[in-house]
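Let's take a walk through a protein together. Have a look at the picture first, and then we'll start from a single residue and work outwards.

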Amino acid sequence: MKTVSCSNCGADTRIIRDRYNLVDMGIPAVVTNMEIAECNKCGNADPIIAHLDDLMRTVAVAVVCSPSPLRGTDVRFLRKYIGKTAEQFARLLNVDKTTVSKWENDRDPVGNQSDRLIRLLVIGLGDGLEEKLKAVVENLPEIGTSYRRGNIEVDLEKMSYQYA
Ligand SMILES: [Zn+2]
């Protein structure tokens, strides 16, 4: 059995599986079946993120395939997924750098055409997303027909996603 020490007090922890919200980490998803090291002494809970690359790819696919318009956290996550600075990203989209910043901070909504262009950029440049091109293009007319109320939910065990 693996043991993990508490990051807060160093005491032994027990490993549980639970839901965990990754939004504070800049990932627009809630995961289920996440291993969490729960401290027996101070109650601190440390998430154990395994298969991070798979998780990031699954969230990226869920975001670009979503019928919901891109939100600020989505844009920032996708930009980082393809490894671009705000400036590089702005140049690819032929917009001003401040526009990207406004999108990412939800101070300006992403325009309908920029939304679609961002998705296609991410499919083109994002690792392991090429096979989703057709699905994303076919989904373009659906964007804006519904809004996500909650976050994308990823089952870490099955590495599958659903829209909450
Ligand atoms: Zn502790």
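**Starting from Leu-156**

Leaving aside its neighbours within four places in sequence, Leu-156 is in contact with Val-31, Thr-32, Asn-33, Met-34 and Leu-55. Here, two residues are in contact if their C-beta atoms, placed from the backbone, lie within 7 Å. Before we go on, keep in mind that this is a predicted model: local features need pLDDT of at least 70, side-chain atom pairs count only at pLDDT 80 or more, and totals for chains, interfaces and linings use all residues. Residues are numbered from 1 along each chain as its sequence is written.

So where does Leu-156 sit? You'll find Leu-156 in the loop between strands E4 and E5 (160-163). Helices (H or I, at least four residues) and strands (E, at least two) are DSSP runs, numbered from the N terminus. Is Leu-156 buried or exposed? It counts as partly exposed, because it has 19 C-beta neighbours inside 10 Å. To be called buried, a residue needs 20 or more other C-beta atoms within 10 Å of its own; 12 or fewer makes it exposed, anything in between is partly exposed, and the C-beta atoms are placed from the backbone.

Now slide back into E4. Its side chains alternate: Ile-152 and Val-154 are buried and point to one face, while Glu-153 and Asp-155 point to the other and are not buried. E4 has two partners to look at. It pairs with E2 in the parallel sense over 4 bridges, and Val-31 stands opposite Val-154 there. With E5, E4 pairs in the antiparallel sense, also over 4 bridges, and Asp-155 has Ser-160 as its bridge partner in E5. (Strands pair if DSSP finds at least two bridges between them.) E4 and E5 make a hairpin with 4 residues between the strands, where Met-159 takes a positive phi near 55°.

E2 takes part in another hairpin, this one with E3. E2 and E3 (residues 45-48) pair in the antiparallel sense over 4 bridges, with Glu-35 opposite Ile-48. There are 5 residues between these two strands, and Gly-43 in the turn has a positive phi of about 85°.

Time to zoom out. The protein has 6 helices and 5 strands, and along the sequence they follow the pattern β-β-β-α-α-α-α-α-α-β-β. It is divided into domain 1 (13-48) and domain 2 (52-163), with bounds that come from an automatic or database domain assignment. The C-alpha centres of the two domains lie 25 Å apart. Their contact takes 10 residues from domain 1 and 13 residues from domain 2.

What holds our attention last is the largest nonpolar core, with 27 residues. A nonpolar core is a set of buried Ala, Val, Leu, Ile, Met, Phe, Trp, Tyr and Cys residues joined through C-beta atoms within 7 Å. Val-59, Ala-60, Val-63 and Leu-78 touch the most other members. Helix H1 (52-65), strand E2 (29-39) and strand E4 (152-155) are among the elements that each supply at least two residues, and the largest share, 7 residues, comes from H1. Both domains give residues to this core, so it lies between them. Take Val-63 as a closing example: apart from neighbours within four places in sequence, Val-63 is in contact with Pro-28, Asp-74, Phe-77, Leu-78 and Ile-152.
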